[in-house]
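The following exercises are to be worked with the sequence and the three-dimensional structure at hand. Each task is followed by a solution in steps.

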Amino acid sequence: MTYEVGVCARTFHALMGGGANAGGGRAARALRLLLLLVLALAAVEYLFGSILDASPLRTYLYTPLYNATQPTFRNAEELQAHLAKAQTAIPKLSEMREAQLKNYTATLINNTNTSNITNNSTSIKMVPALADMTINETRINGTPTPMIITKLMEAAKNRVMTEEELKKTEPTLPLCDATPPDLGPVPVNKTELELDFVENKFPEIQWGGRYIPPNCTARHKVAIIVPYRDRQQHLAIFLNHMHPFLMKQQIEYGIFIIEQEGNKDFNRAKLMNVGFVESQKLEPGGWQCFIFHDIDLLPLDTRNMYTCPRQPRHMSAAIDKLHYKLPYEDIFGGVSAITQEQFTKVNGFSNKYWGWGGEDDDMFSRLKKMHYHLSRYKMSIARYAMLDHKKSQPNPKRYQLLAQTGKTFPKDGLSTLEYELVRVVRYHLYTYILANIDERS
């Protein structure tokens with residue numbers, strides 16, 4: 001470009017002289033104006049590059065020095081990595097002639113074939129004027145670097161459409177109603193059912209017991225954690241009741257059945273810790289809300305929303321076999337709702353309660369210690385039916401353990417949870433997790 005500008009300038013001066021000698025006629029003035037216009041266009045072309053997208057002058061000046069396969073970059077990060085490698089091959093600016101560096105940079109830009117730089121099939125149109133910018137010196141990590149490379153990196157970053165931006169452009173379903181329609185009391189079927197029969201009733205349920213409302217975006221993402229052992233007669237009844245109940249509430253949910261392997265005394269709390277950890281692993285992005293649910297309790301009113309409010313919620317306040325009365329004010333057993341953040345802050349449930357009783361009161365003490373308080377629906381809504389079952393052997397150490405909760409809970413719970421994951425199976429209506437939770441000697 002410098003050569004052409006020099007030639008044009010010499011021609012201009014010669015013609016200027018010739019025009020003067022001829023007396024400054026109209027033809028000479030017209031020729032001078034034409035040459036001024038040509039010089040102006042050349043200057044603009046030199047400074048701003050791509051006003052003429054297919055400039056023959058630039059094609060002449062910036063013919064690649066060698067033939068090479070042109071790389072295709074999928075995104076700005078690959079382009080930046082390529083330029084970083086190229087940068088290390090460029091000596092200090094003082095050791096190169098400006099023309100050589102300009103040719104190298106132009107070759108690099110031509111080889112990137114800017115129309116091929118894509119991210120998620122969205123083209124990134126690079127700034128063509130970068131090819132002809134005056135090369136200045138800057139520093140990246142303390143190393144002198146041509147300004148052209150820095151500008152190229154910044155332009156690529158600024159023009160890439162990220163995955164998040166693409167998602168924003170996709171059409172989304174409207175939010176589900178905060179209070180879904182037609183909620184109220186529901187009947188309960190306590191008769192024994194075959195699991196195969198129940199599975200055929202709910203084709204809309206995804207494998208693993210997952211459900212997502214088809215016509216709206218759920219406001220809540222809930223994991224139902226069910227500790228389990230020797231209750232085969234209850235499983236089909238539970239699933240037959242819970243799936244239509246939960247679907248009517250328009251929440252996104254998954255049901256997880258956590259079974260204890262072996263013959264040691266049942267440890268409900270430790271199984272719920274396992275369910276919390278393993279369900280989070282299985283769900284991309286994790287669950288926001290956890291409902292810890294005994295398999296023998298069935299809710300009787302869909303206004304009893306299976307969601308997590310700002311404070312932990314005791315769901316099963318009124319049970320038919322307890323005459324729909326609250327046994328005592330601080331009870332947190334049966335069915336309870338707690339957020340992921342709340343559960344983590346109290347270090348989950350205790351792992352030390354082997355046998356029946358105590359673990360729910362221990363959780364209440366943990367919540368109280370962390371300045372949470374219990375919430376409940378009114379008794380006419382928080383109603384449950386209990387399935388018949390044989391009572392478990394009470395834990396003789398439960399009162400002794402409860403007396404120590406305030407001191408021991410930071411070191412007893414999720415932070416000290418140990419178990420062996422035996423099996424994980426995604427059945428149609430639930431995800432089955434079998435774990436060995438026996439304490440290691």
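**Exercise 1: Charges over rings**

Lysine 221 lies over the face of tryptophan 287, 5.8 Å from the ring centre; this is a predicted model. Determine which ring the charged end of arginine 383 sits over.

*Solution.* Begin with the cut-off: NZ of Lys or CZ of Arg must be within 6 Å of the ring centre and within 35 degrees of the ring normal. The charged end of arginine 383 is placed over the ring of tyrosine 324, at 3.7 Å from its centre.

**Exercise 2: An open sheet**

State the strand order of the open sheet of three strands, and explain why S9 and S11 each have one side without a neighbour in the sheet.

*Solution.* The order is S9-S13-S11, and the pairing is mixed. Strand S9 (297-299) and strand S11 (318-319) are at the edges with a single partner strand each, so one side of each has no neighbour in the sheet. Next, consider S9 and S13 (residues 383-386): they run antiparallel and are joined by three bridges. Within this pairing, leucine 298 has alanine 385 of S13 as its bridge partner.

**Exercise 3: Helix H10**

Check the span of helix H10 (residues 268-282), then decide whether the helix is mostly covered or mostly uncovered.

*Solution.* At 1.5 Å a residue, the 15 residues should span 21 Å; the end C-alpha atoms lie 21 Å apart, which agrees. As to burial, 11 of the 15 residues are buried, so H10 is mostly covered. Among the buried residues are Leu271, Met272, Val274 and Phe276. Phe276 also belongs to an aromatic cluster with Phe290, Phe292, Phe343 and Phe349.

How values were computed:
Residues numbered from 1 in each chain as written. Predicted model: local features only at pLDDT ≥ 70, side-chain atom pairs only at ≥ 80, totals over all residues. Heavy atoms only, no water. Pairing = 2+ DSSP bridges. Helix = DSSP H or I, 4+ residues; strand = E, 2+ residues; numbered from the N terminus. Expected span 1.5 Å × (residues − 1). Buried < 20%, exposed > 50% of the residue type's maximum accessible area, 1.4 Å probe, protein only. Phe/Tyr/Trp six-rings, centres within 6.5 Å; stacked < 30°, edge-to-face > 60°.
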